[in-house]
Amino acid sequence: MTIPLVGGVPAISAHQMRRVDEIMIDQLGIDLPRMMENAGLQLAALARRRYRFDTVAILAGSGGNGGGGLVAARHLANRGVTVTVTTGRPPGVMTEVPRRQYDILERMGVRITDEPEAADLVIDALIGYSLTGDPRGRAADLIAWANGQPAPVLALDVPSGLDATTGRVGDPCVVADATLTLALPKTGLEAAPHIVGALYLADISVHRSVYREMGVDLVDPFSAGPIVRLR
(Lines give C-alpha, C1' and ligand atoms only; values in the text may rest on other atoms or scores of the structure.)
Protein backbone atom coordinates (compact mmCIF):
# COMPACT_ATOMS: atom_id res chain seq x y z
CA MET A 1 0.00 0.00 0.00
CA THR A 2 1.32 3.43 -0.98
CA ILE A 3 1.03 5.90 1.89
CA PRO A 4 0.46 9.52 0.79
CA LEU A 5 2.65 12.19 2.34
CA VAL A 6 1.82 15.67 3.59
CA GLY A 7 4.83 17.80 4.36
CA GLY A 8 6.98 14.69 4.27
CA VAL A 9 4.89 12.92 6.93
CA PRO A 10 2.59 9.94 6.19
CA ALA A 11 -1.06 11.02 5.89
CA ILE A 12 -4.11 8.98 6.85
CA SER A 13 -7.80 8.97 6.03
CA ALA A 14 -10.67 9.61 8.43
CA HIS A 15 -11.29 5.84 8.54
CA GLN A 16 -7.67 5.21 9.52
CA MET A 17 -7.82 7.91 12.20
CA ARG A 18 -10.84 6.19 13.72
CA ARG A 19 -8.74 3.04 13.86
CA VAL A 20 -5.92 4.95 15.57
CA ASP A 21 -8.37 6.09 18.24
CA GLU A 22 -9.66 2.53 18.69
CA ILE A 23 -6.19 1.04 19.12
CA MET A 24 -5.15 3.79 21.51
CA ILE A 25 -8.17 3.16 23.72
CA ASP A 26 -8.59 -0.62 23.47
CA GLN A 27 -4.96 -1.80 23.37
CA LEU A 28 -2.90 0.92 25.04
CA GLY A 29 -5.47 2.23 27.51
CA ILE A 30 -4.87 5.84 26.47
CA ASP A 31 -8.44 7.04 26.60
CA LEU A 32 -10.29 9.90 24.96
CA PRO A 33 -9.94 12.36 27.88
CA ARG A 34 -6.16 12.04 27.73
CA MET A 35 -6.00 12.46 23.96
CA MET A 36 -8.40 15.42 24.20
CA GLU A 37 -6.28 17.03 26.90
CA ASN A 38 -3.15 16.67 24.76
CA ALA A 39 -4.93 18.13 21.72
CA GLY A 40 -6.28 21.14 23.60
CA LEU A 41 -2.98 21.80 25.35
CA GLN A 42 -1.10 21.84 22.03
CA LEU A 43 -3.80 24.01 20.42
CA ALA A 44 -3.43 26.61 23.16
CA ALA A 45 0.36 26.43 22.84
CA LEU A 46 0.28 27.01 19.07
CA ALA A 47 -2.16 29.89 19.45
CA ARG A 48 0.23 31.64 21.83
CA ARG A 49 3.26 30.85 19.67
CA ARG A 50 1.80 32.05 16.36
CA TYR A 51 -0.46 34.98 17.32
CA ARG A 52 -0.53 38.06 19.51
CA PHE A 53 -3.91 38.49 21.21
CA ASP A 54 -5.75 39.51 24.33
CA THR A 55 -9.13 37.99 23.43
CA VAL A 56 -10.09 34.67 21.86
CA ALA A 57 -13.44 33.41 20.58
CA ILE A 58 -13.63 29.61 20.60
CA LEU A 59 -16.28 27.82 18.54
CA ALA A 60 -16.73 24.32 19.92
CA GLY A 61 -18.70 21.39 18.56
CA SER A 62 -20.37 18.64 20.56
CA GLY A 63 -17.82 15.87 19.93
CA GLY A 64 -14.12 15.24 20.39
CA ASN A 65 -13.02 18.18 18.26
CA GLY A 66 -15.12 20.52 20.35
CA GLY A 67 -13.70 18.98 23.50
CA GLY A 68 -10.19 19.87 22.33
CA GLY A 69 -11.34 23.45 21.83
CA LEU A 70 -12.80 23.53 25.34
CA VAL A 71 -9.53 22.26 26.81
CA ALA A 72 -7.70 25.02 24.92
CA ALA A 73 -10.15 27.53 26.39
CA ARG A 74 -9.19 26.41 29.89
CA HIS A 75 -5.46 26.65 29.26
CA LEU A 76 -5.75 30.08 27.63
CA ALA A 77 -7.97 31.40 30.43
CA ASN A 78 -5.43 30.13 32.97
CA ARG A 79 -2.85 32.34 31.26
CA GLY A 80 -4.91 35.50 31.57
CA VAL A 81 -6.51 35.53 28.11
CA THR A 82 -10.09 36.77 27.88
CA VAL A 83 -11.89 33.76 26.39
CA THR A 84 -15.44 33.42 25.13
CA VAL A 85 -16.85 30.04 24.15
CA THR A 86 -19.79 29.42 21.83
CA THR A 87 -20.98 25.87 21.25
CA GLY A 88 -22.38 24.44 18.05
CA ARG A 89 -25.06 22.51 19.94
CA PRO A 90 -26.59 22.79 23.43
CA PRO A 91 -24.40 21.25 26.16
CA GLY A 92 -27.13 18.70 26.85
CA VAL A 93 -26.44 16.96 23.54
CA MET A 94 -22.65 16.98 23.90
CA THR A 95 -20.99 13.61 24.24
CA GLU A 96 -19.79 12.75 27.73
CA VAL A 97 -16.13 13.79 27.58
CA PRO A 98 -16.55 17.26 26.03
CA ARG A 99 -19.50 17.86 28.33
CA ARG A 100 -17.13 17.33 31.25
CA GLN A 101 -14.81 19.98 29.81
CA TYR A 102 -17.78 22.33 29.38
CA ASP A 103 -18.73 21.84 33.04
CA ILE A 104 -15.17 22.70 34.11
CA LEU A 105 -15.29 25.96 32.16
CA GLU A 106 -18.59 26.86 33.82
CA ARG A 107 -17.05 26.28 37.25
CA MET A 108 -14.07 28.44 36.27
CA GLY A 109 -16.34 31.28 35.23
CA VAL A 110 -15.18 31.29 31.61
CA ARG A 111 -17.67 33.30 29.55
CA ILE A 112 -19.97 31.02 27.53
CA THR A 113 -22.16 32.90 25.06
CA ASP A 114 -25.13 31.98 22.90
CA GLU A 115 -23.71 34.07 20.07
CA PRO A 116 -20.01 34.46 19.27
CA GLU A 117 -18.28 37.74 20.01
CA ALA A 118 -15.55 39.49 18.04
CA ALA A 119 -12.04 38.75 19.30
CA ASP A 120 -8.39 39.04 18.32
CA LEU A 121 -8.30 35.33 17.40
CA VAL A 122 -10.99 32.81 16.45
CA ILE A 123 -10.43 29.12 17.18
CA ASP A 124 -12.46 26.69 15.08
CA ALA A 125 -13.14 23.45 16.97
CA LEU A 126 -16.58 22.78 15.52
CA ILE A 127 -16.25 19.68 13.33
CA GLY A 128 -13.43 17.15 13.22
CA TYR A 129 -12.46 14.39 10.82
CA SER A 130 -15.86 12.67 11.01
CA LEU A 131 -17.70 15.17 8.77
CA THR A 132 -19.82 13.76 5.93
CA GLY A 133 -21.48 16.16 3.50
CA ASP A 134 -21.95 19.88 4.07
CA PRO A 135 -22.20 21.46 7.53
CA ARG A 136 -25.77 22.30 8.45
CA GLY A 137 -27.74 24.28 10.98
CA ARG A 138 -25.94 25.91 13.87
CA ALA A 139 -22.50 24.71 12.75
CA ALA A 140 -23.01 26.27 9.32
CA ASP A 141 -24.04 29.57 10.91
CA LEU A 142 -20.94 29.65 13.12
CA ILE A 143 -18.67 28.82 10.17
CA ALA A 144 -20.16 31.75 8.25
CA TRP A 145 -19.60 33.99 11.26
CA ALA A 146 -15.94 32.94 11.56
CA ASN A 147 -15.32 33.62 7.87
CA GLY A 148 -16.78 37.08 8.25
CA GLN A 149 -14.40 38.12 11.03
CA PRO A 150 -11.29 40.24 10.47
CA ALA A 151 -9.42 38.13 13.04
CA PRO A 152 -7.36 35.11 11.92
CA VAL A 153 -8.89 31.66 12.37
CA LEU A 154 -6.92 28.77 13.85
CA ALA A 155 -8.57 25.41 13.07
CA LEU A 156 -8.21 22.20 15.09
CA ASP A 157 -7.39 19.04 13.11
CA VAL A 158 -9.21 20.10 9.91
CA PRO A 159 -11.06 23.33 9.08
CA SER A 160 -14.74 22.73 9.75
CA GLY A 161 -16.44 21.88 6.46
CA LEU A 162 -13.40 20.26 4.84
CA ASP A 163 -13.60 16.52 4.15
CA ALA A 164 -10.61 15.08 6.02
CA THR A 165 -10.13 12.25 3.52
CA THR A 166 -10.89 13.72 0.10
CA GLY A 167 -10.26 17.43 0.63
CA ARG A 168 -13.72 18.31 -0.64
CA VAL A 169 -14.55 21.85 0.44
CA GLY A 170 -18.04 21.95 1.89
CA ASP A 171 -20.57 24.74 1.73
CA PRO A 172 -19.81 26.47 4.04
CA CYS A 173 -16.24 25.76 5.09
CA VAL A 174 -13.94 27.60 7.47
CA VAL A 175 -11.09 29.37 5.70
CA ALA A 176 -8.27 29.08 8.22
CA ASP A 177 -5.12 31.11 8.63
CA ALA A 178 -3.56 28.00 10.18
CA THR A 179 -4.58 24.44 11.04
CA LEU A 180 -3.23 22.23 13.82
CA THR A 181 -3.84 18.65 12.77
CA LEU A 182 -3.50 15.82 15.27
CA ALA A 183 -1.39 12.64 15.41
CA LEU A 184 -0.83 12.44 11.63
CA PRO A 185 -1.99 14.76 8.85
CA LYS A 186 -5.22 13.84 7.12
CA THR A 187 -5.08 13.12 3.39
CA GLY A 188 -7.61 15.84 2.53
CA LEU A 189 -5.42 18.61 3.92
CA GLU A 190 -3.07 18.47 0.94
CA ALA A 191 -5.89 19.14 -1.54
CA ALA A 192 -6.99 22.49 -0.11
CA PRO A 193 -4.01 24.62 1.00
CA HIS A 194 -6.04 27.81 0.51
CA ILE A 195 -8.51 26.51 3.12
CA VAL A 196 -6.00 24.96 5.51
CA GLY A 197 -3.49 27.82 5.70
CA ALA A 198 -0.22 27.14 7.49
CA LEU A 199 -0.25 23.49 8.53
CA TYR A 200 1.07 22.22 11.86
CA LEU A 201 1.09 18.74 13.38
CA ALA A 202 0.61 18.05 17.10
CA ASP A 203 1.67 15.08 19.20
CA ILE A 204 -1.23 13.60 21.16
CA SER A 205 0.90 10.71 22.50
CA VAL A 206 0.16 8.09 19.82
CA HIS A 207 2.85 5.40 20.11
CA ARG A 208 4.52 4.29 16.88
CA SER A 209 3.31 0.71 17.49
CA VAL A 210 -0.20 1.96 16.67
CA TYR A 211 0.88 3.07 13.21
CA ARG A 212 2.97 -0.05 12.70
CA GLU A 213 -0.12 -2.19 13.24
CA MET A 214 -1.82 -0.17 10.48
CA GLY A 215 1.08 -0.61 8.06
CA VAL A 216 2.34 2.97 8.40
CA ASP A 217 6.12 3.23 8.76
CA LEU A 218 6.67 6.40 10.76
CA VAL A 219 9.91 8.09 11.68
CA ASP A 220 9.05 10.12 14.78
CA PRO A 221 8.22 13.65 13.55
CA PHE A 222 8.21 15.02 17.11
CA SER A 223 11.87 14.55 18.01
CA ALA A 224 12.30 18.34 18.12
CA GLY A 225 9.09 19.10 20.02
CA PRO A 226 5.35 18.35 20.30
CA ILE A 227 4.33 20.74 17.50
CA VAL A 228 5.97 20.70 14.07
CA ARG A 229 5.22 22.81 11.01
CA LEU A 230 4.46 20.79 7.88
CA ARG A 231 3.70 23.58 5.42
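1. First, a term: a pocket here is an open set of grid points, on a 1 Å grid over the protein atoms alone, with protein on both sides within 12 Å along at least five of seven lines. Keep in mind that this is a predicted model.

2. With that in hand, the largest pocket holds about 820 Å³ of space. Its lining runs to 36 residues, and those nearest the centre are Gly63, Gly64, Asn65, Gly128 and Ser130.

3. Who supplies the walls? Helices H1 (14–28), H2, H3 and H5 (137–147) are the elements that each give two or more residues to the lining of the largest pocket. H1 has the largest share, with five residues.

4. On chemistry, the lining of the largest pocket splits into 16 nonpolar, eleven polar and nine charged residues. If you're sorting by class, note that Gly is counted as polar.

5. Now for helix H4, residues 96–108. Its 13 residues reach 19 Å from first C-alpha to last, close to the 18 Å expected at 1.5 Å a residue.

6. Which residues of H4 are buried? They are Val97, Pro98, Gln101, Tyr102 and Leu105. Looking down the axis of H4, these buried residues fall within an arc of 145°, so they line one face of the helix. That fits the general pattern: an α-helix has 3.6 residues a turn, so residues three or four places apart point the same way.

7. The cover over the buried residues of H4 includes helices H2 (32–50) and H3 (64–78), plus strands S4 (82–87) and S5 (111–112). On the other side of H4, Glu96 and Arg107 are exposed.

8. One last backbone detail: Gly109, just after H4, takes a positive phi of about 85°.

Definitions and conventions. Residues are numbered from 1 along each chain as its sequence is written. This is a predicted model: local features need pLDDT of at least 70, side-chain atom pairs count only at pLDDT 80 or more; totals for chains, interfaces and linings use all residues. Side-chain values use heavy atoms; hydrogens and water are left out. Helices (H or I, at least four residues) and strands (E, at least two) are DSSP runs, numbered from the N terminus. The expected span of a helix is 1.5 Å times one less than its number of residues. Buried means under 20% relative accessible area, exposed over 50%, partly exposed in between (1.4 Å probe, protein chains only). The arc is that of the directions from the helix axis to the C-beta atoms. Contact means heavy atoms within 4.5 Å. On a 1 Å grid over the protein atoms alone, a cavity is a set of points where a 1.4 Å probe fits but cannot get out, and a pocket is an open set with protein on both sides within 12 Å along at least five of seven lines; lining residues have an atom within 4 Å of a point. Grid points are joined across faces, edges and corners, and a volume is the space filled by probe spheres set on the points.
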